[in-house]
Each structure stands twice: as C-alpha cells, then as structure tokens.
Amino acid sequence: MTTTAGKKDIRVLIWLVAGIAIFPALVLNVPSFRHYVDIMVFVGIFSLVNIGLSLVMGYTGQVSLGQAAFFGLGAYVSGILTAKFGWSPWAAIPVGVVLTGMVAFVVGVPSLKLKGHYLAMATLGFGVILYVVFNEEVALTGGPSGLADIPGIAIGPWEIDTSLKYYYLVWAFVFAVLLFSINVIHSRVGRALRSIHGSEIAANAMGVPTSSYKTRIFVISAVYASLAGALYTHYMTFLSPSSFDLFWSIKFLMMVVVGGMSSIWGALLGTCLLTYLSNEWLHMFHDFDVLIYGLVLLLIIMFLPKGLVSLARKG
Amino acid sequence: MEGISFSSQLIQYAITGVTVGSIYALVAIGFNIIYNVTEIINFAQGEFVMLGGLFMVFFATVMQIPLLLAFFLTLTVVIAIGVMMERFAIFPAKNASVLTMIIITIACSILLKGAAMYGWGKDPFMLAPFSDRKAFVFVGAAVFPQSLWILGTTLIVVFLLTFFYKRTRFGRAMIASSDNPDAAQLMGIDVKTMVMVSFGLSAAVGAVAGIVITPISLMEYDRGALLGLKGFGAAVLGGLGHFYGAVLAGFMVGLMESFCAGLISSGYKDAAALVVLLLVLFLRPSGLFGSKEVMKMKEF
C-alpha cells in the first residue's frame, strides 16, 4: 500500500466509515427519514455484491450476468441450514460462502475462456439455471412459495434484532470487503487485472497468468455475492426465488454501470442511488420503474460510459 | 394420459418439440442476421418476439383487423422499433467496446420490456389460432393446426431469407458488408444502411416468431429474455452466423426441451436448453456446424 492512489482510496474509505457511523444519528431524529436506515441496510448488502462485480467488470473487463445466482446460492445455503437443520448462522454463512466459491470456480474455469458476448450469455444462462433450481427443489427451498422461519443473527448473547443493529453489522462487512478489495486493486494482482482489461494478449505476453487471475477475481466476486446473500437472508428471514431472477442480475449490473464501472467507489455510488431510486423515489411509478430503469441505463452508458464517478473526477 | 401408448407419447413430445423448436430457430436466425453484419449479439432479440405477439393481439383481437392485415401491421411496427433501436442506441455508440455494446442492448431490452408492461400490463394475452381450433390425430398423437402454421411459417421465412441473400442485389450487398465492411464500403455499398436494415430484418423475423407462437403459448411482457436466451443457445449450437445451422439447432433445442419435460421433469425444461447452451459454449464454441478457423478470425 505504498502507491498514492492507494492512500487516496484509504482516505475515501475513512471518510465513508465516518459518514456511515453518524448517518443514523442524522436521520433517526427526523420521523419521515427514519426508514432510511432500513434502506441503507439494503444498500450495504447490494454493495457487497457490486464491489465484487466491479472488480470483475471494471478491473478485468469481463461481464458477469449471473451475479444474482451467487447471491441466491449464499442466501439459500444459509437459509436452508439455519431454518431446516437448526444450524447457527455463524456456521451456515461460511459453508454457503465456501460452497459458492467452489461453484464459481467450477463455472468460472471454462466460462472465463470465453470472451465478450459468449461470456455474457454463459453467465446469464448459469443464472437462469440456478433460478430454475431454486424454484424446483421444493423440498429444500420451498419452491415458488418461498422459505420461511429463517432465524436472525446474534453475536453471543447480543441479538441483532433492530434495523439499526443490522445496519452496523452489514456495513462492518462492507468495510472489511472494501479494505480487502482496495488492497487487491493496488497490489501486483490489481495491476495484472488492469493489464488484462487493456489487452489480454499483451498481458499474457508480459507473463501475466491471465486465466488464473480472471478465475480468482471471479471467485472472489462470487464469495462477496454469497456473503451478501447470507446477510440478506437473515435480515429478511424469508426467501423466495423471485429475489434471485435474471432481472436482479441485470439490476446489479446496472448499479455498477450507473455509478461507474472502473472504480469500486462508482459501484457504491450506483448501488446507493439505484437502491434509493427503486425503494423511495420511484414508488410513484409503481411497476413502471422498469421502463425508467432501462432509460436511465441507456442514457448513462451512451453519454457517460464511465458512470457518475467520472463527473466527480472531472470536477 | 391413460390409454395412449408410449410410442404415441413420444411422437407427441416430438411434435411439441418441433413446434417450439421452430420458434427458437427463428430467434436464432434473428441473432445471426445482426451478428453477421455487425458482430453484435442483440440481447433484445427476445423482446422482438414478445412485441410481435403482443402487437398482433392488439391489432387482431382488440382492433378486430383481419388476420393478414394485422400480420403486416405488426411486422411494420416491430420493424420500425428495430430500426429505431439501431438509429438511437446502436448507431450513436458505433465505436464502443463489446462490454458497452452488451450493456446497450440489455438496456434496450429492459426499455422494451418496461414499455410492453406499460402498454399491456402483466397478464398473458390470448390470440385465436389462425385456422381450425380442433386438433387432429396423427399416428396416435394430437396435432394442433397451429403447429403446422408455425412450421410452415418458419420454412417460408428460411426460404425468403435464402432467396433474399442469394438472389437479390440488396441481399448480396448485405453479405458483402458482413464479410468485409471496408471492402464493401469501397465497392460503393452503404454499410451504415446495411446495419440498419439488419436490425429491421431481424426484428421482422422475431416478430413473425411471436405472431405464430402466441395462439399456442400465450404472450406476456416478460417472455422475451428466456426466448432470447434459448434462441441464442440454438444460434451457438448451430454455429453463430450459420442460417441452416440455426434452424437445425433450433429444432434440436426444442426437441431436447420437450423430451426433458415429458420424460424427466417439466419444471426443469427451461434449464435443459441452457445446460446444453453452457456445454456447447464450453466444449465447442464454434458450434456443431461452424468452423473453428472462422471463430478464430472473429476474436472479440
């Protein structure tokens, strides 16, 4: 962590920690803003997914349209183990994370040999296959009617039973993941990843083991998504396959693109913006938010292909 | 299904498979038309099918316009949508990276899906079959006349496209543009127009698929993605860019799906086609009928 860019990222991280710490104190005193803490729980959860996606897309230049499947895998493994087999979440979450990582490795090794459109379609297809499995394995997942009675999380005797406590738990995970990711980006590995984005052939010629790096980052992104899924499970205490369908993969992609693909801060910004947009500001449009989503995505990618963070960089 | 012998059940699955397979074949052809000229995979291809079905319902059932006229009206509207998509979203981003192009076509598909939900709501729509409603019996299996319409339409589309590409000046110009855009440009072919036409043509083929399938399987706003994905599976299986490969692979995907639904589990039928898609992508991305040499030339 000797690069100046790395120091800058750490500085941003410290400011973010401070902001997240005082945010509840600001909104909880205003009754009409009180539920913003609940929304921030989701922002945190989705951020975990999108930080990983941003590593895959922004830094390595690969597309994954199956991120909702990893999110769902983490959610269902943790949900099933706790609700049906009485495990503690602290045992179930690591099992889900490790399992998802293994699945990602098995899918990633052949997939990442593919490029561009082929990779996009392969990950999309994988996502839909898992969605079908979530729907069909009724004995385990409860099928379309869902999986209920999932327990919440406790740290020792301390029950995480309010949105505020969950908010701090989720964001603690987000900061841990951010710190790790910043380290990855500014390490040798990060430079290798960016060289893959530039030109895979050149990177290979320079002796970068491109396929091994691509697979590793893909697995890391799946692990983040799985962790997010588990946190989602124990916050919602109910799961249904519709939270992990194709549209969710696309929503994650949108959050990263709108914020800015080439930076994890962009991923955070996009996640925050679109989560508030769909939970808060687009309610007046009811179901038709899909239309606005499509339009926003199209306009951003056409006129601001580096996302909203590029505005901040210019200024 | 008591009293029906196993062999006639198999025939039944085969008929269903060929019927649905025709649609996948049409979607796959739609992918190929655009891919050949631009090397773009249009993630909104399935949306053209959905729009074809829903506009047909609007013209034929709601407006009570005669079938044939409604058919051409639907085609016109969906072609216009395809051309507009090219003009307003694809053309302005002509030098974008593959990643950006993927996101642009995905954005278009969300937009079209959202617009369809706005216009038609979330309920599935019915369309009366083109001719007799009653099924007739063929070697112990029930065949709906609409299945014949679907099969016939697919064959006609394939014939017309072959004629267009091989025999007309315009079609040959399109092949030239896909083969080597720079050389085509030098020969006086307006490649930009060809790209626009390819979007219109592929929208038309998608719309035809939507129009003929709706009487059998109904149509709703969010059907596009899955149809598109399976159609892409067929396109890859047949070798991306190959028209006859696409048709054959379309039938194969349809048959696989239908036999999986009948013999294994109907719930997993959607997964069956996609598992095949993944296997083909992993093991032989050039497809069954494509050549590896061509694939290497078209590195992304």
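This tour goes from the whole of chain B to aromatic rings in chains A and B of a predicted model.

**Chain B as a whole**

Begin by selecting chain B and colouring it by secondary structure. The chain holds twelve helices and two strands. Followed from the N terminus, its elements run α-α-α-α-β-β-α-α-α-α-α-α-α-α. The radius of gyration of chain B is 19 Å, close to the 19 Å that the globule rule gives for 300 residues, so the chain is as compact as a globular protein of that length. Turn the C-alpha trace of chain B along its principal axes, where its span is about 65 × 45 × 35 Å.

Next, display the surface of chain B. About 13200 Å² is exposed, and carbon and sulfur atoms supply 69% of that area. Of the 300 residues in chain B, 53% are buried. Now consider contacts in chain B between residues at least 6 apart in sequence: 74% of these join residues at least 24 apart.

**Aromatic pairs**

Turn next to the rings of Phe, Tyr and Trp. Over all chains, there are 34 aromatic pairs. One of them is formed by A:Tyr167 and A:Tyr168, which should be selected together. Their ring centres are 5.1 Å apart and their planes stand at 80 degrees, an edge-to-face arrangement. Why does this angle count as edge-to-face? Planes over 60 degrees apart are classed in this way.

Which of these two tyrosines is buried, and which is partly exposed? A:Tyr167 is buried, with a relative accessible area of 0%, whereas A:Tyr168 is partly exposed at 37%.

Move to chain B and select B:Phe71 and B:Phe72. Their ring centres lie 5.3 Å apart and their planes are at 90 degrees, so this pair is edge-to-face. B:Phe71 has a relative accessibility of 17% and counts as buried, because the cut-off for a buried residue is under 20%. B:Phe72, at 46%, counts as partly exposed.

**A cluster in chain A**

Return to chain A and select A:Phe42, A:Phe46, A:Phe71, A:Tyr76, A:Phe134, A:Tyr166, A:Tyr232, A:Tyr235, A:Phe244, A:Trp248 and A:Phe252. These residues form one aromatic cluster.

**Charges over rings**

Keep A:Trp248, a member of that cluster, in view and add A:Lys251. The lysine A:Lys251 lies over the face of A:Trp248, 4.4 Å from the ring centre.

For the last stop, select A:Phe247 together with B:Lys113. Which part of B:Lys113 sits over the ring of A:Phe247? The charged end of B:Lys113 is placed there, 4.8 Å from the centre of the ring.

Key:
Residues numbered from 1 in each chain as written. Chains lettered and ligands numbered in written order. Predicted model: local features only at pLDDT ≥ 70, side-chain atom pairs only at ≥ 80, totals over all residues. Heavy atoms only, no water. Phe/Tyr/Trp six-rings, centres within 6.5 Å; stacked < 30°, edge-to-face > 60°. Buried < 20%, exposed > 50% of the residue type's maximum accessible area, 1.4 Å probe, protein only. Lys NZ or Arg CZ within 6 Å of the ring centre and 35° of its normal. Helix = DSSP H or I, 4+ residues; strand = E, 2+ residues; numbered from the N terminus. Rg over C-alpha atoms; globule rule 2.2 N^0.38 Å. Contact = heavy atoms within 4.5 Å. Areas by Shrake-Rupley, 256 points an atom, 1.4 Å probe, with all protein chains shown as cover.
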